[in-house]
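Please open the model in your viewer and keep the sequence at hand. The tour below goes from one selection to the next.

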Amino acid sequence: MLRKLLFVVVFIVGSFTTSIAQHSVSDHSLMQNLSSEPGIIEVEITASPDRLSLLPGVETNVYAYNGQIPGPLLEISEGDSVIIHFQNNLDEETTIHWHGMHLPFVSDGSPFHPIQPGESYTYRFRVHPGTAGTYWYHPHPHHRTAWQVGMGLYGGIIVRDPDNPLPDTLEDKLLILSDNRFDEEGNLDFAEEGTRQFKVDEMNGREGDVLFVNDEIMPDLSIRSGEVQRWRIVNASGARIYRLGLEGHTFTHIGSDGGLFEYPEKTDEIILANGERAEVLVHGTAEPGSKFKLQALPYNRYMPQWRPADWDQTRDLLTLTYTDESPVNPIEIPETLRSIPKLDPEEVTATRVMRMSNGKINSKVMDLNRIDETAELGATEIWEIRNLVGMDHPFHLHGFQFQVFERNGEPVSQIKWEDTVNVPGFENASFIVRYDDYPGKWMFHCHILDHEDQGMMGVLEVK
Ligand code: C2O
Ligand code: CU
Ligand code: CU
């Protein structure tokens with residue numbers, strides 16, 4: 001059962017009040033704003049060991065943010081100042097990383113700023129104009145990210161745009177995808193060192209056979225015939241890459257990591273790698289009373305010798321159920337969603353080549369005491385990401401959204417804001433990026449969390 005939370009966000013800007021429609025986000029409780037000042041969002045979040053029911057009728061030892069998996073939704077708007085008081089009640093160090101957000105280095109929650117057990121830390125950042133979109137947060141401690149995310153630490157972020165180009169009446173659903181593995185008693189199953197499974201998890205990243213949408217297994221999502229819904233999809237899985245398809249439907253793909261596209265794209269499938277987000281419109285084109293499944297279609301991201309035997313199975317994620325109500329007239333979707341300022345190739349001052357092999361970038365294993373790349377604040381650069389091996393590695397850069405302009409030498413269909421780019425085996429991708437506003441030491445890494453933990457990560461110092 002998908003419980004729906006309906007809420008009204010009211011922005012008070014100066015002396016006038018704008019009411020930003022009703023957004024119903026599936027089954028997410030919100031981080032409560034402790035501030036009554038306009039434009040300030042002040043929240044509290046705690047990471048603690050907990051016992052929660054992930055599988056029906058069983059309690060499992062987990063880690064949770066504010067007692068929930070996924071953690072509560074952080075809902076903010078462009079222009080807001082965000083203050084997050086974080087308390088680490090785990091018995092190990094952790095951080096919270098605000099994946100995809102453009103913010104000061106000290107608030108990035110990278111392995112450079114670990115928070116010790118029992119300690120607290122306040123993250124502060126301002127939400128830049130033009131960044132409305134879907135983001136997420138997760139821990140980022142050195143060598144322990146896969147474990148802590150696997151234990152349940154991840155949550156969603158929605159950045160709203162006061163000038164949303166899409167109709168305010170559009171139903172808005174946040175779908176956080178994750179997977180996990182359990183033993184017979186319902187405990188989370190992490191492979192023992194020395195076992196074959198341990199090696200498989202090291203190579204592929206740890207996948208689980210139980211797929212969750214938010215906190216549910218195969219939930220129902222209802223739609224009325226004719227209705228259009230906006231789905232914001234987050235891949236919070238440590239290693240599983242989703243090739244998404246919705247039976248009987250075509251997606252209208254409208255957004256990526258850094259927000260809306262310029263133009264909607266019709267597509268039957270979306271590949272969503274680890275850490276990535278996709279925004280799609282689902283058009284309720286079917287008959288009242290009908291049902292369709294959102295599925296993870298087979299996706300071969302593996303090296304042949306480590307590929308799981310059941311990799312070619314389709315897995316179900318949720319059921320889209322049409323209500324019996326009579327059809328409504330579909331709302332109009334604009335043909336242009338926004339204009340994205342293109343980063344200028346003429347301004348590029350350096351091209352950096354990243355060669356990804358298993359566990360390494362440019363033949364090096366992560367070292368927090370080493371700076372791998374140095375760049376000037378404000379510089380525009382090209383990064384060419386080459387995957388030298390036969391499995392996918394999704395490449396992620398902290399702090400700055402980039403624009404992929406080429407894949408395997410071919411220009412891409414349109415320029416989008418992204419912070420993670422999946423590079424399939426033996427392929428390459430190039431992006432252009434500008435290091436605006438924030439000096440610091442920014443991580444770049446493979447977002448298969450086990451690979452990141454093994455050291456498939458480096459440091460870009462911007463100064
Ligand atoms: Cu989502 Cu460095 O991570
Ligand atoms: Cu990140
Ligand atoms: Cu990888």
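**An enclosed strand**

Start by selecting strand β21, residues 315-322, in this predicted model. Of its 8 residues, 7 are buried, so the strand is largely enclosed by the rest of the structure.

Next, add strand β20, residues 291-297. β20 and β21 run antiparallel and are joined by 6 bridges. To see one such contact, pick Lys293, whose bridge partner in β21 is Thr319.

Now add strand β13, residues 220-223. β13 pairs with β21 in the parallel sense, over 4 bridges. Select Ile223 and look across to Tyr322 in β21, which stands opposite.

**Two copper sites**

Move to the copper ion that is ligand 2. Which protein atoms are its donors? They are NE2 of His97 and NE2 of His396, lying 1.9 Å from the ion. The pair links distant parts of the chain: His97 belongs to strand β7 (residues 97-99) and His396 to strand β26 (residues 393-397), 299 residues apart. His97 is buried, because its relative accessible area of 1% falls under the 20% cut-off. His396 is buried as well, at 0%.

Then select the copper ion that is ligand 3. Its protein donors are His393 (ND1), Cys446 (SG) and His451 (ND1), at 1.9 to 2.1 Å. Their spacing in sequence is H-x52-C-x4-H. His393 sits in strand β26 and Cys446 in strand β31 (residues 440-446), so these two donors tie together parts 53 residues apart in sequence. His393 counts as buried at 0% relative accessibility, and Cys446 also counts as buried at 0%.

Note on methods
Residues are numbered from 1 along each chain as its sequence is written. Chains are lettered from A and ligands numbered from 1 in the order in which they are written. This is a predicted model: local features need pLDDT of at least 70, side-chain atom pairs count only at pLDDT 80 or more; totals for chains, interfaces and linings use all residues. Side-chain values use heavy atoms; hydrogens and water are left out. Donors are N, O and S atoms within 2.8 Å of the metal (3.2 Å for Na, K and Ca); water is not among the atoms, so sites may look incomplete. Buried means under 20% relative accessible area, exposed over 50%, partly exposed in between (1.4 Å probe, protein chains only). Two strands pair if DSSP finds at least two bridges between them.
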